[in-house]
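Please open the structure in your viewer and keep the selection tool at hand. The tour proceeds one selection at a time, and each stop states what is to be found there.

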There are 2 protein chains.
Amino acid sequence: MSYKFAYNTRDIKFILKEWLPTEEILAYDKYKDYYTLDDFDTIIDQVRKVAAEVIAPTAEDADNIGARWENGQVYLPPSFHTAIRFMHENGWATSNLDDEAEGVLPIVLNSLLFEIEAAANPALFAYMATGSGVANVLKHYGSDEQKQRFLPKLFEGTWGGTMCLTEPTAGSDVGELLSKAYPTDEPGIYKMKGQKIFITCGDRDDVENIIHLYLARVDGAKNGTKGLSLFIVPKFWVDENGNLTPNDVQCIGIEHKMGLKGSATCALVVGENNNCRGWLIGNPPDENGVGEGIMQMFNMMNEARLDTGRLSTAVAANAYWNAKDYGKERIQGRLLTDPKAGKVTINKHEDVKRMYLLNKATTEACRALLAKCYFYDDVSENDPDPERRKWARKKMDMLTPLCKAYPSDEAWGLVAESLQSYGGYGYCEDYPAANSARDCKIWSIWEGTNFIQSMDLIGRKWMAGKGAIFASVLGEIDEFLAQYKGKIEGMDQEMIHLEKALAAYREIQMTIGGYVGAGKLGLMAVYARRILTATAQTYCGFLLMDQARIAKERLAELPADHYDYNFYLGKVLSARYYLNNAVPNVWHILELIKIGDMSVIDAPIEIFDY
Amino acid sequence: MSYKFAYNTRDIKFILKEWLPTEEILAYDKYKDYYTLDDFDTIIDQVRKVAAEVIAPTAEDADNIGARWENGQVYLPPSFHTAIRFMHENGWATSNLDDEAEGVLPIVLNSLLFEIEAAANPALFAYMATGSGVANVLKHYGSDEQKQRFLPKLFEGTWGGTMCLTEPTAGSDVGELLSKAYPTDEPGIYKMKGQKIFITCGDRDDVENIIHLYLARVDGAKNGTKGLSLFIVPKFWVDENGNLTPNDVQCIGIEHKMGLKGSATCALVVGENNNCRGWLIGNPPDENGVGEGIMQMFNMMNEARLDTGRLSTAVAANAYWNAKDYGKERIQGRLLTDPKAGKVTINKHEDVKRMYLLNKATTEACRALLAKCYFYDDVSENDPDPERRKWARKKMDMLTPLCKAYPSDEAWGLVAESLQSYGGYGYCEDYPAANSARDCKIWSIWEGTNFIQSMDLIGRKWMAGKGAIFASVLGEIDEFLAQYKGKIEGMDQEMIHLEKALAAYREIQMTIGGYVGAGKLGLMAVYARRILTATAQTYCGFLLMDQARIAKERLAELPADHYDYNFYLGKVLSARYYLNNAVPNVWHILELIKIGDMSVIDAPIEIFDY
């Protein structure tokens, strides 16, 4: 059986049609003549069908065949070619970034469609998504000439794209990269020299060209990240007539990974024959040697961070739905609470139900968080009011580290619980859980490790705008509590937990502030990852309660045999589980932080030899 | 690089020579003429060398070649043959169970030697250990004739052994197994018929014969586990002259697993040609159809549960030591607390040190727990006083579910943190972390899932002897607190946490008792796994504090430049980390249990379709 697509789209429909104020998005000029909320079911069903029938059949090839490197060329599993082309040609991929095109999909909708597609084959996802990331950067920062030369083919998907940051000596510390760019006689054109590693989709055999967004330092520019500039370094140079000639970009190998084997993770060498050209995006370094590269690259990086959360959610949710399908068939044991009822399917056992509900509640929490962020993305890109665009961008910035790190942290534990629910079969590759477990581990690492996300949250996001922006995110929870506390029937305890978590969270902020003031900066780093988790749990607790509030209203109107009844009941139970089991962790983390254990700081590195 | 052996033995020496009262063991008749504590360093160093030079070179073959099945025969990677033979021939394996032999290794010592060996190649471990499990069952329950016929070859390791419980329809629910045994004219000899799956070492090409301990139901015996009997079902039947003839035991395939690929997980069919014989161990089912099989098999099962904890500890600790070796070499980033000091090796970063200390403290906690249990094992097998043997056996019974489940639960998260510390390289199979992550997942499942362990703890162990036995385990912590509270310098806070955890733990017991009394039996199952964790954290908190107490005494005597200084300092820091970060989880779990969330119980299975 191996990998298996088992996605359910009901929660996605709920998010878009019943929870988020999606009408606001659909009123934008870009969308208003093309879509109404009534179209969403059809579109989502269509993508579910495409994911199942076009993408999912390629998933076993991802793991069994994998990406292959030979003589400087990466070969994808042949089935990938057809699926990727299909997605591009039918308007499900990069063409939605084309502002000139008619009927492009709203960002908030397309982002959730991508979750479905990602679940069908997570290794294939990047081949569709990286070109979009490049297109987005060029849309924002490219010159007209660059846009004309590169965007049409990227929109079509006949050219791919990559994000070239990491080098052997520069992983988390991007500013240490050694790639250099030397000016030529042609304005804006540089000779490139360097080596990159861990480049997702760095080479592939299904596209005519690959547009690398390449971070390098112009000769003489400042050290560190500030001195970096961003270049368009195509695999094949594109002249003004669109002719392609080799550009001295070599793929010297791919990594042999624990999972996600269909996704080529490439090592690239550029300019080894002194014959690689790059086209500078934006302005050259200023008189202080400061370039625009890192700021430009962050456009794509932030997108990749959201992608990471989305992939993690997709794979965890898909593993869970596979597990519950298995649980319907597998008969084993008797119920603790009713042994006389005889043998039962395992999905009736309390501990198995616990594993399912943990998975259901947590993946729904992650999906809600991401959807909220993509909603802001749509507002920030398309709202006619510049103030509202700015407001949405700020909200999105606050949530991005949570969106990247929380789902990717949780996925490892969630998939393990799904796997556990199969018993010994879970460990066998004939069942889908093992593959998902192997796939998901990279996501806590790439695109900025989850520690980097945590420090971004605490060090940067907490402080932005003198703390007012982050405070406004927490303020959403205050408003929710003020409006609904005591008013959601049967959920008083859960609301009390939310209130308690919010207060504890603010105390976490103060406690960390106190440590920093007392010169114990190291404790901020020691507790950083736990604080990120507490942040996500507080905020997601709010989101799930808000969803449960709506679900409660629907339940009140529906008879228990209505086809949607169990969906809404499930939403309420997800919130109850999450608020009673995950959210209390927030004040537990506060308590740990207040202990202020110095053992990590005090530890000389020599003790780790034992 | 792939799998790599990086074990340090200092903590093992500390446990045996400075912490546990091992002298008591060495005074037993069996050992007293052969070993003193002074010999231990040499023996441990020798095994460390053997593990590194003989076993570890086979570890890459485990993953790259794996066990192979062809035409009914399992083939081990060729390198395994030599290593396994070496271990047997040099007295490091099953020969230590031979009571007639001179100079057998004390159980408490050998158990920790096995941890070192397991770390060198966890997939090879079972080929050495399963024969010992069979030998132990035969020593306890076999007839003299059976002992004579089977034990010598098992002691030599020229025959292997297995534990045959699981069947396609009988995993966690062993009592459902379908294997049957039909009496023949020969007393004690039965015709066997059935199918087994997930049989570790179920077939192999490095031994002359395999002695399956086979659980089956004598025709007409009672349903459920009570009706089961245990049989010796050799791959080749052994006549009174030691001649071997095929016994209609077929290996019809092996599983393709996520990890531990060198360990053959076999499907066996016995008696398909109506020609398989089994030799009953002990008595046939009584007049009520009740057999002795499950009780006998539990001897080997309990041993396998301890093995599981030991494997988990070994693999997690080995992954950690590999990670810290990498951290010494890899330069990346600047210190948050001292950026001006320039680029540093990553082992100086707070979050990396946190990952190391989490691993160090938790693996030491697991090792201490297991060592304590193996100490009781030695007492229960060898103490001259039958009352003390019984006492030790009871203590061991209490700790067994913790020994199995806690290390195997923790390993998944611990190895993930080691892997994380490499950055992207951690996800690449050229580095050792990915292999360890894939290997360790089975251990939370096999030999009774960790939920089964948790229910064994709460349902059986809490209640045994009207609760007095488990209370005596907690009583050890009371005694420790009474003796040392306020007396371990600089560790008052940690002692307060231990005291608070113990009180919280007792309240957990009362709260669960209250739920059961109120008819909420389901909540016991819902919280079971968390309760097992809380139990282990409370007890391990005590063990690590007790070790830190000794380490503190040593530190007071040593100059800071003494070669052992950092070891003892590390023991103190492990205890500080564990008591300030893991142990507070006990009262957090109490709080969750008191919330008494009913969402899992209330959830109809239909909600999991969404």
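Begin by selecting strand β3 (residues 159-164) of chain A together with strand β6 (residues 209-218) of chain A. In this predicted model, the two strands pair in the parallel sense, over 6 bridges. To look at one contact between them, select G160(A), whose bridge partner in β6(A) is I210(A).

Keep β3(A) selected and display its surroundings. Is this strand buried or exposed? Of its 6 residues, 6 are buried, so β3(A) is largely enclosed by the rest of the structure. Both of its faces are covered. On one side are W159(A), G161(A) and M163(A), and on the other are G160(A), T162(A) and C164(A), all of them buried.

Next, remain in chain A and select residues 293-456. An unreviewed UniProt entry lists this range as "domain: Acyl-CoA dehydrogenase/oxidase C-terminal". Over these residues, the chain is 74% helix and 8% strand. The C-alpha atoms at the two ends of the range are 19 Å apart.

The following stops concern aromatic rings. Over all chains, the structure holds 57 aromatic pairs. Select Y320(B) and Y356(B), which form a tilted pair, with 6.3 Å from centre to centre and 55 degrees between the planes. Y320(B) belongs to helix α10 (residues 293-329) of chain B and Y356(B) to helix α11 (residues 350-382) of chain B, so this pair ties together parts that are 36 residues apart in sequence. Y320(B) and Y356(B) are both buried.

Now move to W462(B) and Y505(B). What is the arrangement of this aromatic pair? It is edge-to-face, with 90 degrees between the planes and 6.2 Å from centre to centre. W462(B) is found in the loop between α14 (450-461) and α15 (468-484) of chain B, whereas Y505(B) is in helix α16 (residues 492-517) of chain B. The pair thus links distant parts of the chain, 43 residues apart. W462(B) and Y505(B) are both buried.

For a group of rings, select F5(A), Y7(A), Y320(A), W321(A), Y356(A) and F608(B), which form one aromatic cluster.

Finally, examine two places where a charged residue meets a ring. Select R10(A) and F567(A): the charged end of R10(A) sits over the ring of F567(A), 4.2 Å from the ring's centre. Then select K196(A) and Y214(A). Here K196(A) lies over the face of Y214(A), 4.7 Å from the ring centre.

Methods:
Residues are numbered from 1 along each chain as its sequence is written. Chains are lettered from A and ligands numbered from 1 in the order in which they are written. This is a predicted model: local features need pLDDT of at least 70, side-chain atom pairs count only at pLDDT 80 or more; totals for chains, interfaces and linings use all residues. Side-chain values use heavy atoms; hydrogens and water are left out. Rings of Phe, Tyr and Trp (its six-membered ring) pair if their centres lie within 6.5 Å; planes under 30 degrees apart count as stacked, over 60 as edge-to-face and the rest as tilted. Helices (H or I, at least four residues) and strands (E, at least two) are DSSP runs, numbered from the N terminus. Buried means under 20% relative accessible area, exposed over 50%, partly exposed in between (1.4 Å probe, protein chains only). A charge sits over a ring if NZ of Lys or CZ of Arg is within 6 Å of the ring centre and within 35 degrees of the ring normal. UniProt positions are given in the numbering used here, feature names are shortened, and annotations may be inferred rather than shown by experiment. Two strands pair if DSSP finds at least two bridges between them.
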